[in-house]
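Trainee: I would like a close look at one part of this model. Please start with a single residue and its contacts, then work outward from there.

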Amino acid sequence: MATINAIIEDVLANEGGYVNDPRDAGGETNFGITIATARANGFTGPMKTMTRDFARGVYVKQYVEAPGFDKIAAISPSIGAELVDTGVNMGPKVAAQFLQRALNGLNNQGKDYADLLVDGSAGQKTRDALTAFKKKRGAEGERRLLLLLNALQGERYLSLCEGRAANEAFLFGWLARIAA
């Protein structure tokens with residue numbers, strides 16, 4: 001669980017504290033948790049008073065355990081961390097789809113492991129494919145897979161800006177999540 005705690009601490013650091021930017025379609029946030037997500041998880045107070053511990057609990061429950069990213073992190077801590085961070089920012093389903101698409105593109109036309117259904121569920125087949133990929137490609141493969149996930153994330157950010165001009169206010173900051 002130490003790895004998951006470190007991942008969540010990184011997410012909390014990236015997300016910061018209370019924000020109520022009228023350009024943000026998510027509305028009020030605190031520690032990156034939108035008001036809708038906070039309410040759905042039982043928080044009833046003013047967003048400014050939401051605690052870091054409450055946010056941490058939401059992240060673990062909704063963005064680590066529910067999508068199975070803790071199991072991905074057990075196979076590859078760096079890929080697990082990337083999925084959690086991307087999931088927080090874009091939704092866990094999108095993060096899992098990025099991984100599935102990337103693994104499909106890297107499977108040597110199905111010779112290294114079978115193609116995955118890109119369904120946004122990081123289940124056993126996705127974990128098996130990641131394990132097979134790691135076995136075949138090693139540490140350098142993980143590094144390149146992470147680069148591909150970051151490329152997909154960057155393209156998604158740009159698409160969000162192209163689809164909603166107000167998002168351009170956030171693009172520069174969003175890119176900090178993928179600049180390494």
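Mentor: Start with the side chains of S76 and E142, which are joined by a polar contact of 2.4 Å. The model is predicted, and the distance is computed from it. S76 sits in the loop between helix 4 and helix 5. Is S76 buried or exposed? Its relative accessibility is 0%, so S76 counts as buried; the cut-off for buried is under 20%. Leave out residues up to four places away in sequence, and S76 touches L130, K134 and E142.

Now step from that loop into helix 5, where D85 is found. D85 has a relative accessibility of 7%, so D85 is buried too. Its side chain makes a polar contact of 3.4 Å with the side chain of N14. Beyond residues up to four places away in sequence, D85 touches V11, N14, Q153 and R177. Compare that with G123. D85 and G123 are 38 residues apart in sequence, and their C-alpha atoms are 18 Å apart in space.

D85 also leads to a pocket. The second largest pocket holds about 180 Å³ of space. Its lining includes D85 and three of the residues that D85 touches: V11, N14 and R177. The other lining residues are I7, D10, S78, A81, E82 and L146. Which helices each supply at least two residues of this lining? They are helix 1 and helix 5. By class, the lining has four nonpolar, two polar and four charged residues.

Next comes the largest pocket, with about 800 Å³ of space. It is lined by 27 residues, and those closest to its centre are E15, D24, T29, N89 and W174. Helix 1, strand 2 (33–34), helix 5, helix 7 and helix 8 each give two or more residues to this lining. Which element gives the most? Helix 8 does, with four residues. The lining divides into eleven nonpolar, ten polar and six charged residues.

Pick T29 from that central group. T29 lies in strand 1, residues 29–30. With a relative accessible area of 10%, T29 is buried. Set aside its neighbours within four places in sequence. T29 is then in contact with G17, Y18, V19, D24, T34 and M47. One of these contacts, D24, is also among the residues closest to the centre of the largest pocket. Look at Y18 as well. Y18 and T29 are eleven residues apart along the chain, and their C-alpha atoms are separated by 5.7 Å.

E15 is another residue of that central group, and E15 takes us to Y59. Leaving out residues up to four places away in sequence, Y59 touches I8, V11, L12, E15, F31, G32, I33, V64 and V88. V11 is on that list, and V11 also lines the second largest pocket.

Y59 brings us to the nonpolar core. The largest nonpolar core has 47 residues, and Y59, L103 and L145 have the most contacts inside it. Several helices each supply at least two residues of this core: helix 1 (2–15), helix 3 (52–65), helix 4 (69–75), helix 5 (77–90), helix 6 (92–105), helix 7 (124–163) and helix 8 (168–175). Helix 7 gives the largest share, eight residues.

Finish with the loop between helix 6 and helix 7. G120 lies in this loop. At 17% relative accessibility, G120 counts as buried. Beyond residues up to four places away in sequence, G120 touches K93, A96, Q97 and Q100. V11 gives a contrast in distance. G120 and V11 are 109 residues apart in sequence and 21 Å apart in space, C-alpha to C-alpha.

The loop also holds N108 and Q109. What is the phi of N108? It is near 55 degrees, a positive value in a residue other than glycine. Q109 has a positive phi of about 55 degrees as well, and Q109 is not a glycine either. Most residues other than glycine have a negative phi. Check their exposure too. N108 is partly exposed, because its relative accessibility is 37%. Q109 has a relative accessible area of 74%, so Q109 is exposed.

Terms used: Residues are numbered from 1 along each chain as its sequence is written. This is a predicted model: local features need pLDDT of at least 70, side-chain atom pairs count only at pLDDT 80 or more; totals for chains, interfaces and linings use all residues. Side-chain values use heavy atoms; hydrogens and water are left out. A nonpolar core is a set of buried Ala, Val, Leu, Ile, Met, Phe, Trp, Tyr and Cys residues joined through side-chain atoms within 4.5 Å. Buried means under 20% relative accessible area, exposed over 50%, partly exposed in between (1.4 Å probe, protein chains only). Contact means heavy atoms within 4.5 Å. A polar contact is a pair of N or O atoms within 3.5 Å; within protein, one must be able to donate a hydrogen and the other to accept it, and residues adjacent in sequence count only if both atoms are side-chain atoms. On a 1 Å grid over the protein atoms alone, a cavity is a set of points where a 1.4 Å probe fits but cannot get out, and a pocket is an open set with protein on both sides within 12 Å along at least five of seven lines; lining residues have an atom within 4 Å of a point. Grid points are joined across faces, edges and corners, and a volume is the space filled by probe spheres set on the points. Ala, Val, Leu, Ile, Met, Phe, Trp, Tyr, Cys and Pro count as nonpolar, Asp, Glu, Lys and Arg as charged, and the others, Gly among them, as polar.
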